[in-house]
Amino acid sequence: QVQLVESGGGLVQAGGSLRLSCAGSGSIFRINRMGWYRQAPGKQRELVATTTSDGDTNYADSVKGRFTISRDNAKNTTYLQMNSLKPEDTAVYYCNANIRRIRWGPDYNYWGQGTQVTVSI
């Protein structure tokens, strides 16, 4: 009943840019923390960036100054603007969110299906 759907991945040359989007749909009262994670082949999934409903942000050291996370609370959507991309940014990028489905209910954690980002030399 609740889904996170990512879009915007693709193939880009090193130094280029991509913008990822993640939209929540279904029975949602409020989305609290939203974030992006990535997983490269043979590696563990790692945090890229997170944002709270108040707009506070947190970034992995490897992307600071190059990536920007933002959100549109009215659209239940978060974005990841990725600039100055490097080959080591190649990975499947996953959206993650803590979602409250009813006003006085608990938050549940959800994952999107992932979107591939490939950065060529």
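A nonpolar core is a set of buried Ala, Val, Leu, Ile, Met, Phe, Trp, Tyr and Cys residues joined through side-chain atoms within 4.5 Å. The views below show a predicted model.

**View 1. The largest nonpolar core has 29 residues.** Seven of its members touch the most other members: W36, V48, F67, L80, M82, Y93 and I99. Eight strands each supply at least two residues of this core. They are β1 (2-7), β3 (18-26), β4 (30-39), β5 (46-51), β7 (67-72), β8 (77-82), β9 (91-100) and β11 (115-120). The largest share, five residues, comes from β9. In soluble globular proteins, nonpolar side chains tend to be buried together.

**View 2. Contacts around M82, a member of the core.** Neighbours within four places in sequence are left aside here. M82 then contacts G16, S17, L18 and L20. R66 and F67 are also in contact with M82, as are Y93 and V117. Two of these partners, F67 and Y93, are listed with M82 among the core residues that touch the most other members.

**View 3. T115 in strand β11.** T115 is buried because its relative accessible area is 11%, below the 20% cut-off. Its side chain reaches the backbone nitrogen of G9 at 3.3 Å. Beyond four places in sequence, T115 contacts E6, G9, L20, A91, V92 and Y93. G9 therefore appears both as the polar partner and in this contact list, while T115 itself is buried at 11%.

**View 4. The two faces of β11 and its partner strands.** T115, V117 and V119 make up the covered face. Q116, T118 and S120 make up the uncovered face. Strand β2 (residues 10-13) pairs with β11 in the parallel sense, over four bridges. Q13 has S120 of β11 as its bridge partner. β9 and β11 run antiparallel and are joined by three bridges. V92 stands opposite Q116 in β11.

**View 5. Y37 and W111, one of two aromatic pairs.** The ring centres lie 5.1 Å apart and the planes meet at 65°, so this pair is edge-to-face. Y37 is in strand β4 and W111 in strand β10 (residues 107-111). The pair links distant parts of the chain, 74 residues apart. Y37 counts as buried, at 16% relative accessibility. W111 counts as partly exposed, at 38%.

**View 6. Y94 and W111, an edge-to-face pair.** The rings are 6.4 Å centre to centre, with 85° between the planes. Y94 lies in strand β9 and W111 in strand β10, so the pair ties together parts that are 17 residues apart in sequence. Y94 counts as buried, at 15% relative accessibility. Y37, Y94 and W111 form one aromatic cluster.

**View 7. Arginine ends over aromatic rings, at Y79 and at W111.** The charged end of R45 sits over the ring of W111, 4.6 Å from the ring centre. W111 also belongs to the aromatic cluster with Y37 and Y94. The charged end of R19 sits over the ring of Y79, at 4.1 Å from the ring centre.

Key: Residues are numbered from 1 along each chain as its sequence is written. This is a predicted model: local features need pLDDT of at least 70, side-chain atom pairs count only at pLDDT 80 or more; totals for chains, interfaces and linings use all residues. Side-chain values use heavy atoms; hydrogens and water are left out. Buried means under 20% relative accessible area, exposed over 50%, partly exposed in between (1.4 Å probe, protein chains only). Contact means heavy atoms within 4.5 Å. A polar contact is a pair of N or O atoms within 3.5 Å; within protein, one must be able to donate a hydrogen and the other to accept it, and residues adjacent in sequence count only if both atoms are side-chain atoms. Rings of Phe, Tyr and Trp (its six-membered ring) pair if their centres lie within 6.5 Å; planes under 30 degrees apart count as stacked, over 60 as edge-to-face and the rest as tilted. A charge sits over a ring if NZ of Lys or CZ of Arg is within 6 Å of the ring centre and within 35 degrees of the ring normal. Two strands pair if DSSP finds at least two bridges between them.
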